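Please find below a note on the model under review. The points are numbered and may be read alongside the coordinates.

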Amino acid sequence: MGEKRSNHTVYNVNYHFVWCRQSEIDCLQISGLQCPKYRHSILEPIEDSLEASFRNVCDEYDYEILSFHISPGHVHLFLSAHPKHAPSEIVRTVKSITAREMWEQHESFLEEYLWGGGFWEQSYYIGTAGTVSTETIERYIERTEHV
């Protein structure tokens with residue numbers, strides 16, 4: 001999780017995303033999100049193909065997966081991306097492609113639990129992470145001798 005380089009950019013941009021699958025019933029709190037409390041763990045039976053889909057999308061769009069975990073009702077994705085990719089773009093891309101692929105691969109199974117073709121909840125959590133703290137950056141900017 002260090003600095004990366006492209007033609008004109010040196011960067012260290014890391015995002016922690018959490019989002020939930022489409023709801024069935026009640027809600028609980030996960031990372032500040034309202035995530036459904038599930039009667040059925042529908043992600044577990046399709047976990048292998050879902051993980052493969054995540055990895056393929058991230059490879060295709062040049063997002064580097066740093067850590068990844070599928071829970072019964074939600075997903076944690078920690079990745080690094082070039083700063084030209086907005087976090088909202090990353091979420092939209094990954095969620096839409098993985099949802100489409102899961103419906104293509106597991107339609108008969110998903111129809112038992114999800115209605116209307118949805119797969120992921122619209123909401124998501126995002127946090128950022130790097131190797132330097134906020135306090136370190138503030139001290140650096142406030143110092144005059146770095147100029």
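1. How many residues apart are R100 and E104 in helix α2? The two are 4 residues apart in α2 (residues 87-110), so about one helical turn separates them. R100 forms a salt bridge with E104, with the closest N and O atoms 3.9 Å apart. Because a salt bridge requires such atoms to lie within 4 Å, this pair is accepted at 3.9 Å. R100 is partly exposed at 46% relative accessibility, whereas E104 is exposed, with a relative accessible area of 58%. An α-helix has 3.6 residues a turn, so residues three or four places apart point the same way.

2. On the overall architecture, it should be stated that the model is predicted. The protein chain contains 3 helices and 8 strands, and from the N terminus its elements follow the order β-β-β-β-β-α-β-β-α-β-α. Of its 147 residues, 38% count as buried. Among contacts between residues at least 6 apart in sequence, 61% join residues at least 24 apart. The accessible surface of the chain comes to about 8,800 Å², and carbon and sulfur atoms account for 47% of this surface.

3. The structure holds 3 salt bridges. One of them joins E64 to K4, where the closest N and O atoms are 3.5 Å apart. E64 belongs to strand β6 (residues 64-70) and K4 to strand β1 (residues 4-5), so this pair ties together parts that are 60 residues apart in sequence. The burial of the partners should also be recorded: K4 is buried, with a relative accessible area of 18%, while E64 is partly exposed at 39%. The value for K4 is to be read against the cut-off, because buried means under 20% relative accessible area.

4. A further salt bridge links E51 and R55, whose closest N and O atoms are 3.0 Å apart. Both residues lie in helix α1 (residues 47-60), 4 residues apart, or about one turn of the helix. E51 is partly exposed, with a relative accessible area of 25%, and R55 is likewise partly exposed, at 35%.

5. Helix α1 also merits a check of its geometry. At 1.5 Å a residue, its 14 residues should span 20 Å, and the end C-alpha atoms are indeed 20 Å apart, in agreement with that expectation. Within α1, the residues S49, L50, S53, F54, V57 and C58 are buried. The buried residues of α1 pack against β3, β6, β7 (74-80) and α2. Just after the helix, D62 adopts a positive phi of about 65°, a point at which the backbone may be inspected.

6. Which residues form the aromatic cluster? Y15, F17, W19, F54, F68, F119 and W120 form one such cluster. One of its members, F54, is among the buried residues of α1. The structure holds 8 aromatic pairs. Among them, W19 and W120 form an edge-to-face pair, 6.0 Å from centre to centre with 85° between the planes. This pair links distant parts of the chain, 101 residues apart: W19 lies in strand β3 (residues 14-20), and W120 in the loop between α2 and β8 (125-129).

7. W120 takes part in another aromatic pair, with F119. The ring centres of F119 and W120 are 4.7 Å apart and the planes stand at 90°, so this pair is edge-to-face. F119 is buried at 2% relative accessibility, and W120 is buried with a relative accessible area of 10%. W19 is buried as well.

8. Attention is drawn finally to the surface. V132, I137, Y140 and I141 form a nonpolar patch there, with about 400 Å² of accessible area together. Of these residues, I141 is found in helix α3 (residues 134-142). I141 counts as exposed, at 58% relative accessibility, because exposed means over 50%.

Definitions and conventions:
Residues numbered from 1 in each chain as written. Predicted model: local features only at pLDDT ≥ 70, side-chain atom pairs only at ≥ 80, totals over all residues. Heavy atoms only, no water. Salt bridge = Lys/Arg side-chain N within 4 Å of Asp/Glu carboxyl O. Buried < 20%, exposed > 50% of the residue type's maximum accessible area, 1.4 Å probe, protein only. Phe/Tyr/Trp six-rings, centres within 6.5 Å; stacked < 30°, edge-to-face > 60°. Expected span 1.5 Å × (residues − 1). Contact = heavy atoms within 4.5 Å. Patch = residues over 30% accessible without salt bridge, like charges linked within 9 Å, V, L, I, M, F, W, Y side chains within 5 Å. Areas by Shrake-Rupley, 256 points an atom, 1.4 Å probe, with all protein chains shown as cover.
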